[in-house]
Amino acid sequence: MIVVDIGCCPHEGDLSVEPLVQRFQPDDLYGFDPLLDANTDYVLAGSRVHLSRAAAWLRDGQLELAVGAPSPLDATVMREKNDRHEWQLTTTVPCFDLAEWLRSLPEPPVVKMNVEGAEFPLLEHLQESGAPVARLIVAWHDGRMGGEFTARRQRIERGFPCPLEEWTL
């Protein structure tokens, strides 16, 4: 089994890798977060863990993120996200086409996504491209982004062809 952790958040101390390894016991777990200090590989409870400093996105290349003030350890591509941050600073990070990358895997993975509002364009991209996903676990941020995003969430939930659950950690 393969698990893909988009937005593994090691900078906030709530690294989601360990709970995902405990729950699914995958052969491989791939974690992506643009704010990781560096790429790293290790073994955790028998699972190979591969962490990469990159943002999952709609295309390959570079992506401009809004960085939160007062915490420069929070970032989003969705400036519409209204929460405790003022999204004033920006940083550019490497990004990759998530749908294309998922197609390169030998089997459909479990995908966990906590990407501060970017779940909407990412999940719509996965739906439109028919990217293979066995199960989807999402931290939804529509409550912080306005009514339009609640409607988008409902469309995504109705149209996704695999089991979908909410991420709470």
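Which residue of strand 10 does lysine 112 stand opposite? The answer is in Figure 3, where isoleucine 137 takes that place.

**Figure 1. How sure is the model?** This is a predicted model, in which local features need pLDDT of at least 70, side-chain atom pairs count only at pLDDT 80 or more, and totals for chains, interfaces and linings use all residues. Residues are numbered from 1 along each chain as its sequence is written, and side-chain values use heavy atoms, leaving out hydrogens and water. The score pLDDT is the predictor's confidence in each residue, on a scale from 0 to 100. For the protein chain it averages 84, and 80% of the residues reach 70 or more. Among the chain's elements, helix 2 (residues 98-103) has the highest mean, 98, while strand 7 (residues 75-76) has the lowest, 61. Helices (H or I, at least four residues) and strands (E, at least two) are DSSP runs, counted from the N terminus. Where pLDDT is low, don't read the predicted coordinates in detail.

**Figure 2. Strand 1 sits inside an open sheet.** Here 7 strands line up in the order 3-4-2-1-9-10-11, with mixed pairing. Two strands count as paired if DSSP finds at least two bridges between them. Strand 3 (40-44) and strand 11 (164-166) are at the edges with a single partner strand each, so one side of each has no neighbour in the sheet. Now zoom in on strand 1 (residues 2-6): 5 of its 5 residues are buried, so it is largely enclosed by the rest of the structure. Buried means under 20% relative accessible area, exposed means over 50%, and partly exposed is in between (1.4 Å probe, protein chains only). Ile2, Val4 and Ile6 point one way, Val3 and Asp5 the other. Strand 1 runs parallel to strand 2 (residues 28-32), with 5 bridges between them. Isoleucine 2 is bridged to aspartate 28, and valine 3 to leucine 29.

**Figure 3. Strand 9 has a partner on each side.** Strand 9 (residues 110-113) is joined to strand 1 by 4 parallel bridges, with valine 3 opposite valine 110. Another 4 bridges link strand 9 to strand 10 (residues 135-138), again in parallel. That's where lysine 112 meets isoleucine 137. Both faces of strand 9 are covered: Val110 and Lys112 are buried on one side, Val111 and Met113 on the other.

**Figure 4. The largest nonpolar core and helix 3.** A nonpolar core is a set of buried Ala, Val, Leu, Ile, Met, Phe, Trp, Tyr and Cys residues joined through side-chain atoms within 4.5 Å. The largest one has 34 residues, and Ile6, Leu98, Leu102, Met113, Leu123 and Leu126 touch the most other members. Helix 3 (residues 119-129) supplies the largest share, 4 residues. Leucine 126 touches Leu98, Ala99, Leu102, Met113, Ala131, Val133 and Phe160, leaving aside residues up to four places away in sequence; contact means heavy atoms within 4.5 Å. The buried residues of helix 3 include Phe120, Leu123 and His125. Right after helix 3 comes glycine 130, with a positive phi near 70°.

**Figure 5. Two buried cysteines.** Cysteine 95 is buried, with a relative accessible area of 7%, and cysteine 162 is buried too, at 11%. A disulfide is a pair of cysteine sulfur atoms within 2.5 Å, and by this rule the count is 0.
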